[in-house]
Amino acid sequence: MTTFLELLANGISVGAVYALIALGFVIIFKATEVVNFAHASLLLAGGFVVARLHSSIGFWAALLLGVAGAAAVGVLIEFLIIRRANVSSHSVLAIVTIGVDIVLTTELTRRIGTEVLALGDPWRDQVVHLGAVGIAQTRVVALAVAAVLITAFLLAFKHTGWGVAMRATAEDPETAALMGVRRGRVSMGAWAVAGALATVAALFLCVFPTPGLDRSTTFAAMKAFPAAILGGLDSTTGALVGGLIIGVTETLMSGYQNDLAFLGRGIGDVAPFLVMIVVLLIRPAGLFGTRELARV
Amino acid sequence: MSDKPGGSVRILLRSAVLVAAAVAVPFYLEGFWLQAGLFAMSAAVGAIGINLLTGATGQLSMGHAFFLAAGAYSYVYFASDPGPGLAGLGLPTPVAAVLAVLTAGVAGGVFSPIAGRLKGAYLGIATLALIFLGQHLLFNAGPVTGGYNGRPVPPMELFGFAFADSPALVVAQVPFGALERLWFLGLAALVCAALFARGVLTGRPGRAMNTIRDHEIAAGVMGVPVARYRAGVFVLSSMYGGLAGVLLALVFQRTVPEYFGILLSLDYLAMIVIGGLGSVAGAVIGAVFISLLPQLLTRYSDALPLVAEPGSGGVSPAEAARILYGAAVVVIVLFLPGGLLGLAGRLRPSPNRRIASASTAEKASLRPSPETRN
């Protein structure tokens, strides 16, 4: 029972981190209708900045710079590439982001090399005990930070002018533009927010119990894709629920993998994708996604 | 273009010259280039497959590497004799190759409930699952796949003729080893694959596929069974992937699980975008480009600026190649929608320009325009 509670708590915390990544992914999709396959490399970029700078300027300053850096990379991608692309189908733009991803990931993994970079976080490997249940401090912080960021984002999305502009653009880009919404700014903002959220997620993907940032971090980040898809690509609620489902399943399946030995070693890493396939078989648009209706 | 009198003769002549050149290659080139060429051929077969799916039908697939793995590993499984800790059926190799292609097709068919319903980028992410599942299987199904170490690949044997280094064979004073012999096998497979795909694309199924890509609802209204077509093309493309996997296994002579990861799938997407979406020639051009670029950079790394020897800390040739073609994907989508093939069409000398522009106009009318879109 204790193990189960520990795993559940860890799972929720990991899930919250996936939700951060998935949220960024969904925001970009809502604002620009681009499925951003470069999201994992945005995350890697933010994490890399933090890892490289924390020893010289301190952790918090490095984190700030990392957030700003990944946001800037996101804005640059939007400004230099996505905006210039004059294509008929958004599927083609998804391929463009794959190209961007190839370039960014190759360069970053080259710089990382075979090293495992520590991010210099202040929580280290301390464990909090709640009764018999022990949880790493990093997991508690991750959950708290993710909850704060997600709440803040959802409130901003609902109540600020920026949020209204973004929702209007997602609803109907042309009408929004006619109403005076600057679409360029909205989509740039979406990419910046997504980059910033990804950096925070990178931080919590790489702290204890994970050894640090290395070239396999992109694979960890890719587990957020199923989170976004199974929740529904155009739903922020879906991103949150999807993230949690993925996180909890993954942690539980890794935790009990000795009992699941017939499925093979490392089943936890595959679990997110299995869950996604099952959900897609039942609901092709995801749990909360709007089913696409077309009028002829 | 073949409507023009003499056009078909010219095409025949051109392909005859190409085939003659391809046949002559093993007599002149050294092993390094032969191997690179064989990789390119195998990649071309796989790229034709994914171009049918992504280019012609508009279904994004990031899981192509999985089908290559399915083909490669099932060939090894069917053809190997059972060894210590390894299972195998010990079937004759040609039978094993055919079964391997079919297995890849079945794997695609199992995925068809999803492949038939999802479209575009949604399918792209769903197919990511195949990569991760595939890797998991390759590492864990030890008796079949050999786990981390992979398995040796038994050489192909066709009517008593082995595609291996022994027995020794000398043709026109050139020693014919495994690479030289495989060259012809690869060439035959590529030509058959290309002709079949051309047939699919120019015929009724091809038109249906293009209509699904351009306007799904219109396709449905005109009587195209959209879901069935999507699932069918997915199966066909996975069979192409399987064939490419068999060729690859024969060239590598050993299957290793890491190779069939997400990077390989991205390579295939890059191939068809760079070569030209939706056509057989585009897939082949892209495959040759992407397969040969790292080899060229490796070979001439000391003569090139910015590219360092592997392991010296600078940009290694493989990395330089990846960065180059990643950038190429972006640039081509933004500025050259037809890929390298489209570029070649534009640069054609003037006597053909009228025909070329006519054919592009015909093609363009297949794309949705503001008027034809509802």
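The paragraphs below go through a predicted model, starting with chain A as a whole and ending with a single residue of chain B.

Chain A consists of 296 residues and contains 12 helices and two strands. Followed along the sequence, its elements come in the order α-α-α-α-β-β-α-α-α-α-α-α-α-α, with the two β elements standing next to each other in that pattern.

The overall dimensions of chain A can be stated in two ways. Its C-alpha atoms occupy a box of roughly 60 × 50 × 35 Å along the principal axes. Its radius of gyration is 19 Å, and because a compact globule with 296 residues would have a value near 19 Å, the chain agrees with that expectation.

The interior and the surface of chain A can be described next. Buried residues make up 53% of the chain. Of the contacts between residues at least 6 apart in sequence, 75% connect residues at least 24 apart. The accessible surface amounts to about 12,700 Å², and carbon and sulfur atoms account for 64% of that area.

The UniProt record, an unreviewed entry, carries the annotation "transmembrane region" for chain A at residues 7–28, 34–51, 58–81, 140–157, 188–208, 228–248 and 260–282. Two of these stretches can be compared with the model. Residues 228–248 of chain A are 81% helix and 0% strand, and the C-alpha atoms at the two ends of this stretch lie 15 Å apart. Residues 260–282 of chain A are 70% helix and likewise 0% strand, with 25 Å between the end C-alpha atoms.

At the start of chain A there is a nonpolar surface patch of about 310 Å², formed by A:Met1, A:Phe4 and A:Leu5. One of these residues, A:Leu5, belongs to helix α1, which spans residues 2–32 of chain A. The relative accessible area of A:Leu5 is 38%, so this residue is classed as partly exposed.

The last stop is in chain B. Is B:Thr57 buried or exposed? Its relative accessibility is 2%, and because buried means under 20%, B:Thr57 counts as buried. In chain B, this residue sits in the loop that links α2 (31–56) with α3 (64–79). Which residues does B:Thr57 touch, leaving out those up to four places away in sequence? They are B:Leu52, B:Met209, B:Ile212, B:Arg213 and B:Val233. The loop residue B:Thr57 is thus shown together with its contacts and its burial.

Definitions and conventions
Residues are numbered from 1 along each chain as its sequence is written. Chains are lettered from A and ligands numbered from 1 in the order in which they are written. This is a predicted model: local features need pLDDT of at least 70, side-chain atom pairs count only at pLDDT 80 or more; totals for chains, interfaces and linings use all residues. Side-chain values use heavy atoms; hydrogens and water are left out. UniProt positions are given in the numbering used here, feature names are shortened, and annotations may be inferred rather than shown by experiment. Helices (H or I, at least four residues) and strands (E, at least two) are DSSP runs, numbered from the N terminus. Buried means under 20% relative accessible area, exposed over 50%, partly exposed in between (1.4 Å probe, protein chains only). Contact means heavy atoms within 4.5 Å. Patches are made of residues with over 30% relative accessible area and no salt bridge: like charges are joined within 9 Å, nonpolar side chains (Val, Leu, Ile, Met, Phe, Trp, Tyr) within 5 Å. Accessible areas come from the Shrake-Rupley method with a 1.4 Å probe; for residues, only the protein chains shown count as cover. A salt bridge is a side-chain nitrogen of Lys or Arg within 4 Å of a carboxyl oxygen of Asp or Glu. The radius of gyration is taken over C-alpha atoms; the globule rule is 2.2 Å times the number of residues to the power 0.38.
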